[in-house]
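Morning, everyone. Let me put the model up, and then I will walk you through the metal site, the cysteines and one helix pair.

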Amino acid sequence: MNHSATAAFDLKLDAFLQNAQPRQLAELSEWLRIPSVSTQSQHNEDVKRAADWLARKMTAIGLQNVEVIRAGGHPIVYGDWLHAAAAAPTVLIYGHYDVQPVDPLELWTSPPFEPSVRGEDLFARGASDDKGQLFAHVAAVEALLSTYGELPVNVKFLVEGEEEVGSRALTAYLPSETEKLAADVCLISDTHILAPDLPLIIYGLRGMWAGEITVRGPSQDLHSGMFGGAVHNPNQALCALLAQLHDSAGRITVPGFYDDVQALSAEERTALAQVPYDEEKLIQESGVPAAWGEDGFTVTERIGARPTLEINGIWGGFIGDGFKTVIPAEAHAKVSCRLVPDQQSSAVGPLIEQFLLQIAPPTVEVTVNTLQHAPATVVPLDVPEIKSAARAYTRVFGAEPVFSREGGSIPIATVVQEALGIPILFMGFGLPDDNLHAPNEKLHLPNFYRGIRVGIALMEELISS
Ligand code: BES
Ligand code: MN
Ligand code: MN
């Protein structure tokens, strides 16, 4: 068995990987056909089917102790292989098999749950986030077990069905099973790299606070001719309140919001300036006419290292066909913040509430309701496993990884760090234009196959870390 760290891939393994590609693609496609949308209860059975599918696959490739765990909410899938040499480390591979809703459906070129290959891309909901990326590691383990009958390291898979809705069940389960889940390092492929040949190790993810703002005016909807001009319209009051949450420099105005925000060191700013991402790329990827953001920060800093407050949805009053002269009784907004180290995620809701109550006019009643919160994640870069990760990426991509922070959130990451006390390797294979959460989500297939090889290379590199 050749697990020598610098050797190219063993011929036998290479042949296996070549031959396996069409089958692996077919298997991933089968999994992607199951509409495991975690936030829509009409898909609860599908979510369960997706968990069962993965458990069967895990068993088929030779993983042991495979379990579909019901810990409240959607199931967690576990499976392990723990027969590596005595000194070998254990890798906990985390991922999620739940996916986002597909609306607006009419904007999909091919149906979201009928995987379709066009050019070098596989289009389907979950292709990149996260079934495809997680499946790359299942395929990596399969390749090694089929070729050699063993792995260089111990492996534990932990795959949940609630990531897209805040990881409630796993957040409760994980700290109660620290012995079972004990590992030396956690590997998460649920992020993206910068370009097909430019790997990226992420050392920071933002946290989150999400909530709902309600503005109440009259006790019921009113005729705007009989009352208009004499009562405060809740839609108008809500818009005025929301408009005061940022100043003209793009800063959030909520008092205390920035109090605990860790300032960027000059050193880190210099390092982040090396990341090949800028306003031009942002405009191209997002389709906006111009960039926007907090004065004094680069695009990379705004996305990865600065907190935000977004208005995700606003509703109230009449929005159907035609028109209706009405003053609505209530107006609503869904708001969420991306948080950075060391912001207290649980403190954000009360800060926003206090501020809104303070600026709210006496003509309406305002309430703020927290839906979800999770702190930001930072990964230390000076652990040996980061070096293994960089070597694994370099071996497969032929290019050294860039290091950066990312703006998205993976709620379980800090729970893993705190409960298990291990570092996390965020090694993604997705691309910035994979259309996560949007119509036409895709996975770039060359990256999928490279992802499998990175998984293998990482297992090999970890024994020499
Ligand atoms: N995979 C993403 C997180 C991500 C995306 C990290 C892009 C880095 C770059 C994950 O599935 C996700 O969408 N998370 C949610 C979490 C939320 C619903 C609690 C998010 O970030 O909005
Ligand atoms: Mn994800
Ligand atoms: Mn997601």
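One definition before the tour: buried means under 20% relative accessible area, exposed means over 50%, and partly exposed is in between, with a 1.4 Å probe and protein chains only. This is a predicted model, where local features need pLDDT of at least 70, side-chain atom pairs count only at pLDDT 80 or more, and totals for chains, interfaces and linings use all residues. Residues are numbered from 1 along each chain as its sequence is written, chains are lettered from A and ligands numbered from 1 in the order in which they are written, and side-chain values use heavy atoms, with hydrogens and water left out.

Metals, then. Which protein atoms hold the manganese ion (ligand 3)? Donors here are N, O and S atoms within 2.8 Å of the metal (3.2 Å for Na, K and Ca); water is not among the atoms, so sites may look incomplete. The protein donors are Asp 129 (OD), Glu 164 (OE) twice and His 437 (NE2), at 2.1 to 2.6 Å. The spacing of these donor residues in sequence reads D-x34-E-x272-H. Glu 164 sits in the loop between strand E6 (154-160) and helix H4 (168-173), and His 437 in the loop between strand E17 (424-427) and strand E18 (442-444), so the pair ties together parts that are 273 residues apart in sequence. Helices (H or I, at least four residues) and strands (E, at least two) are DSSP runs, numbered from the N terminus.

Buried or partly exposed? His 437 has 40% relative accessibility, so His 437 is partly exposed. Glu 164 has 17%, so Glu 164 counts as buried. Glu 163 is also in the loop between E6 and H4, and at 6% relative accessibility Glu 163 is buried.

Now the geometry. Six donor atoms surround the manganese ion (ligand 3), and their angles run from 55 to 156°, which makes the arrangement irregular. The rule: four donors are tetrahedral if all angles lie between 85 and 135 degrees; four are square planar and six octahedral if opposite donors are over 155 degrees apart and all others between 65 and 115; anything else is irregular.

Next, the manganese ion (ligand 2). Its protein donors are His 96 (NE2), Asp 129 (OD) and Asp 190 (OD) twice, at 2.0 to 2.4 Å. This site is irregular too, with angles of 58 to 165° among six donor atoms. His 96 lies in strand E3 (residues 90-96) and Asp 190 in the loop between strand E7 (185-188) and strand E8 (200-205), so the pair ties together parts 94 residues apart in sequence. His 96 and Asp 190 are both buried.

What links the two ions? Asp 129 bridges them, and they lie 3.6 Å apart.

Cysteines. A disulfide is a pair of cysteine sulfur atoms within 2.5 Å. The count here is zero. Cys 239 is in no disulfide, and the nearest cysteine sulfur, on Cys 337, is 18 Å away. Cys 239 is partly exposed, at 42% relative accessibility. Cys 337 is buried, at 1%.

Last, the helices. Helix H1 (residues 11-32) packs against helix H13 (residues 445-462) at about 125°, with axes 11 Å apart. Axes are lines fitted to C-alpha atoms, for helices over the stretch in contact, and angles run from 0 to 180 degrees between N-to-C directions. H1 and H13 are therefore oblique to each other. Under 35 degrees counts as roughly parallel, over 145 as roughly antiparallel, 65 to 115 as roughly perpendicular, and the rest as oblique.

That is the tour.
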